[in-house]
Amino acid sequence: MRNGNGIQRPDFAAIAEWVRPGSRVLDLGCGDGTLLGYLKAQRDISGYGVEIDDASILACVRNGVNVIQGDLERGLSGFEDHSFDYVILSQTLQAMKNSERIMKEMLRVGLEGIVTFPNFGYWKNRLQIARGHMPVSDNLPYEWFDTPNVHLCTIADFERFCRERRIRIVERKVLTRGKNVGQWPNLLGALAVYHFGNGG
Amino acid sequence: MAPQTAKFTEPITLKCGAVIDEYELVYETYGTLNRDRSNAVLVCHALNASHHVAGVYAGDAENVGWWDNMIGPGKPVDTDRFFVIGVNNLGGCHGSTGPKSLNPATGKPWGAQFPVVTVEDWVKSQARLADRLGIGQFAAVMGGSLGAMQALQWTISYPERLRHALVIACAPNLSAQNIAFNEIARQAIITDPDFHGGDYYGHGVTPKRGLRVARMVGHVTYLSDDEMANKFGRELKHGKLGYSFDTEFQIESYLRHQADKFAEYFDANTYLRITKVLDYFDPAFEHGGNLTRALAPAKASFLVISFTTDWRFSPERSREIVTALLDNRSDVTYAEIEAPHGHDAFLLDDARYHRLVAAYFDRIGSGTAP
């Protein structure tokens, strides 16, 4: 989940590049509303966040961001079909119990989805596993015993998941320390950012 | 601070078609209206409350305003920054024109002749009070329960006249179960031999027995099962069973005490009408049940709050309002406060709830001139 310290994360700029100015955005697991605030300033979007955490709701109110308290695990039942241009799930997919359902819900409520997640296939993660330990890094800052992450995946896993479910990947960005990764993304990329739509 | 009275001589046509030629509204204000008149907040009361929203009167420290934990200097609705208005609604029994007031046409109390009012009528009369006080647009209109229904109605009736609506522990209409509870309350009052068809004032009696039962039923629905279990459980008043119909369990004693208190000060005709106000509220009705369309005129930003154990106006009902607002692309924040107290939670001092309202009013204040 978002750490809520208000520091702009590298995936935010990547997301902002894709989001059309003036569009409607739903940010799932929006934390303190930093991303929505950023998109509002950069892209003049309107939108809402969804959060379960009381402290995050309070932070959103303080930051002047519209937020709806709710549990993503229960789906997006309060939201109409295709009522948003983009539904964003930023660094939360890996912490969802029902990752498949939320991807489906994102494409029901949004015309398009944007998802970001730490790439478990990143070489530093592989190295730590090769050394016999669960990876701990900037993008995976938790120890095995206190991690909220239950569904970690690699770039290759996610793309196969999308292929099998006819989810069309519109664009992909792979980042390491905020810089784009070109070659061997599944090995060299720490963070994956996907823009996707219906029908693959 | 002391209650003030505004007298209106322009007739008001009510939703039921009846016309009241002249009427008075009793209200209280807290804080100071700023120079550009942009810091006014209207607080709408629920079933049995009044214009006495906050603070105490000089020489009467007992009579604390009903939302004093929320409203006052340094409180979530900070009266050092905002000019807060509390008003006793039309048909009430705390000083505004109501069934126990004298009907100028007959020189006798209105009694049964006092028309059945609605949330729309109340909002209309509140808008006239705002005119009188020179307030073109409220910074916020807020309320809990039936008070929240008025805040919601404001956004429909006068979308230009408020910038924010705080809709707390609300529902877009009453469920059949809710109406059923109200009907039990009404039947208790109407079948009391002291009711005299609503014209009991001339008989020197009040239908206290009916009003007591009405209050008991209502009160039970405001609390959660858990809260009652915690507060009373099966605790006995005298430590042992008496095999009689005296008060035995603490909950019975509590209910009777609350009922006695209530029947002393509240007017039965007002109670009847307020339950009707609740039953009739249904802004979606005129739009084929479509709440989204009903709320389409709204321009305000909304803060919608519900409480997890509120079974009278459950979180699901608040989410219906939120869904409609989302459909309309209105500015809305929705919070579901985990609180054990049931519907009454909106009146209680809960840190998370109050922090949220305080933060929201901070935002309102930051967009408001000092």
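Tutor: A disulfide is a pair of cysteine sulfur atoms within 2.5 Å. Keep that cut-off in mind as we look at this predicted model.

Student: Why is B:Cys44 without a bond to the closest cysteine sulfur?

Tutor: A disulfide needs two sulfur atoms within 2.5 Å. The closest cysteine sulfur to that of B:Cys44 belongs to B:Cys170, and it is too far for a bond because the distance is 11 Å.

Student: How many disulfides are there over all chains?

Tutor: Applying the rule to all chains gives a count of 0 disulfides. Take A:Cys162, which is in no disulfide: the nearest cysteine sulfur is in A:Cys153, at 9.0 Å. So, with the cut-off at 2.5 Å, the count over all chains is 0.

Student: Is A:Cys162 buried or exposed?

Tutor: Residues under 20% relative accessible area count as buried. A:Cys162 has 1% relative accessibility, so the word for A:Cys162 is buried.

Student: Which residue in the loop between β12 and α3 of chain B is buried, with a relative accessible area of 0%?

Tutor: That loop runs between β12 (164–168) and α3 (176–190). The residue has a positive phi of about 50° although it is not a glycine. With a relative accessible area of 0%, the buried residue is B:Ala169.

Student: And B:Tyr243, is that residue buried or exposed?

Tutor: B:Tyr243 also has a positive phi, near 50°, and is a residue other than glycine. Its place is in the loop between α5 (225–231) and α6 (250–265) of chain B. Exposed means over 50% relative accessible area. At 73%, B:Tyr243 is therefore exposed.

Student: What kind of pair do the rings of B:Phe181 and B:Trp311 make?

Tutor: Over all chains, the count is 26 aromatic pairs. In the pair you ask about, the ring centres are 5.9 Å apart and the planes are at 70°. Planes over 60 degrees apart count as edge-to-face, so this pair is edge-to-face.

Student: How many residues apart are B:Phe181 and B:Trp311?

Tutor: B:Phe181 is in helix α3 of chain B, while B:Trp311 is in the loop between β13 (301–307) and α9 (315–327). The pair links distant parts of the chain, and the separation is 130 residues.

Student: Which ring lies under A:Arg24, at 4.5 Å from the ring centre?

Tutor: A charge of this kind must be within 6 Å of the ring centre. A:Arg24 meets this at 4.5 Å, lying over the face of A:Phe84.

Conventions:
Residues numbered from 1 in each chain as written. Chains lettered and ligands numbered in written order. Predicted model: local features only at pLDDT ≥ 70, side-chain atom pairs only at ≥ 80, totals over all residues. Heavy atoms only, no water. Buried < 20%, exposed > 50% of the residue type's maximum accessible area, 1.4 Å probe, protein only. Helix = DSSP H or I, 4+ residues; strand = E, 2+ residues; numbered from the N terminus. Phe/Tyr/Trp six-rings, centres within 6.5 Å; stacked < 30°, edge-to-face > 60°. Lys NZ or Arg CZ within 6 Å of the ring centre and 35° of its normal.
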